[in-house]
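Student: Could you take me through one part of this model in detail? I would like to look at its charged pairs.

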Amino acid sequence: MKAWRIENNDGIDSLNLADIDIGDPGPREVRFRVKSSSINRRDYNTVRAPGERNTPLPRIPNSDAAGEVLAVGEDVTEFKPGDRVGSCFFKRWQSGRMRAPVMASALGGAEEGMLSEEAILPEAALVSLPKHLTWEEGGTLTVAGVTAWNALVVQGRLKAGDTVLVMGTGGVSIFALQFSKMMGARVIITSKSEEKLSRARDMGADETINYFETPDWDSAVLDLTDGEGVDQVVEVGGPGTLQKSIVATGYGGHIGMIGSLKLGDVNVHPLLRKSIRLSGIFAGSREMFKDMNAAISANTMHPVVDQVFGFESARLAFHALGSDQHFGKIVIRNS
C-alpha cells in the first residue's frame, strides 16, 4: 500500500510516496480504502514546516478521509465491509469537553494521517457518511465541516434570525455560510475578491464586504446591522483581525476563534464590556460530527469542492491551497 509521508523539514516538494504495510485491523478496529482526503490549513502548515509543529517524522499527513470499509476486527458492531465512512479528527474525542488526551490523538499530527491508499482506525474514530454525498464531498467534513458546526451550533447556539459574520471563503467559512443559511440566519461575508463575493451571494450570503476596498470592515458591519453588531463571528484571522471582530459583535454575542493567520494586539476591554463569549475552536467530537451529518442529510446539503487532484498529484494540491485562490475545499481523490 502507498502513502504520502513527511520525512524531513524540506517542505511540500519533499513529500515522499512510500510503500508501507499497515497490517490487519485489531479488535474494534476498521480497515478502509481511502477514497478522498481534503487539505486543511493545518495540514498545509504541517507539511510545509513539520519542525515548527513538533510533528514526529516520518508522518502521513492529513486528517480528512472518506472511505469504503474493507475489513473489520473483532467486536466491531457499527460498520461492515462496503460501508461508507469518514474519519474523525481526534481518535479519542467521543463527546463532552476537550481534554489533554484528546489533543494527543489528532490525525496527521500526533497520529498518522489519512493521505494513503488505505488506513486503519478504531471504530469509535469513524462515522457513517451522508448517503447523498460524493466521495469528494464526503472527504471535506472531518475538520472544516465539524469546525464550522462546533463554532456556530454547539458553542454559538445558532438560531433562526441570528446574524453571522463569516470571514473569508475557505473551507470552514463556506461551511459556515451553508450552515447559517440552512438554519435561517442572515450572513455577512468578507473577502478581498469580488469574484468570490459574487459566488458567496449566489450561495445565499445576504451582505458582502470587500475588506481590501473597505479596510474598516468592522464599521461596515455595524452599518449593516443598524449599529447593533452581529450575533456571531466565524473568526479565521486571529489576533490581527480579532479587534475588528470584537467591534463588529453585538452585546452578548459569540466569536468562534478558528484560525490565527495574522499577528496583532488585542484590547480585551470591549470584549468584557459587551459580554462577548470568545471560544477557541479546534474541530470537534464524534458526537458533533454525527449531529452535523444528520443535518446535512436532512437538508441534502452539498459541501463546496473547489478543485480535485489525483492521489499522485498530492504535492500540487498542497501548492494550490498555499496559493489561497480556492473557494471551499481542495480535495485529493484516490483512483
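Student: How many salt bridges does a search of the whole structure find?

Tutor: Happy to help! This is a predicted model, in which local features need pLDDT of at least 70 and side-chain atom pairs count only at pLDDT 80 or more, while totals for chains, interfaces and linings use all residues. Residues are numbered from 1 along each chain as its sequence is written, and side-chain values use heavy atoms, with hydrogens and water left out.

The search finds 19 salt bridges, each a side-chain nitrogen of Lys or Arg within 4 Å of a carboxyl oxygen of Asp or Glu. One of them pairs Arg 41 with Asp 324, with the closest N and O atoms 2.3 Å apart. Arg 41 lies in helix 1 and Asp 324 in the loop between helix 11 and strand 15 (329-333), so this pair ties together parts that are 283 residues apart in sequence. Helices (H or I, at least four residues) and strands (E, at least two) are DSSP runs, numbered from the N terminus.

Arg 41 is partly exposed at 28% relative accessibility, and Asp 324 is partly exposed at 40%. Here buried means under 20% relative accessible area, exposed over 50%, and partly exposed in between (1.4 Å probe, protein chains only).

Helix 1 spans residues 41-48, and its buried residues include Tyr 44, Thr 46 and Val 47. Strand 3 (29-38) and helix 11 (314-322) are among the elements that cover the buried residues of helix 1. Arg 42 and Asp 43 also form a salt bridge, at 3.7 Å from N to O. Arg 42 is buried at 16% relative accessibility, and Asp 43 is buried at 1%.

Technical notes
Contact = heavy atoms within 4.5 Å.
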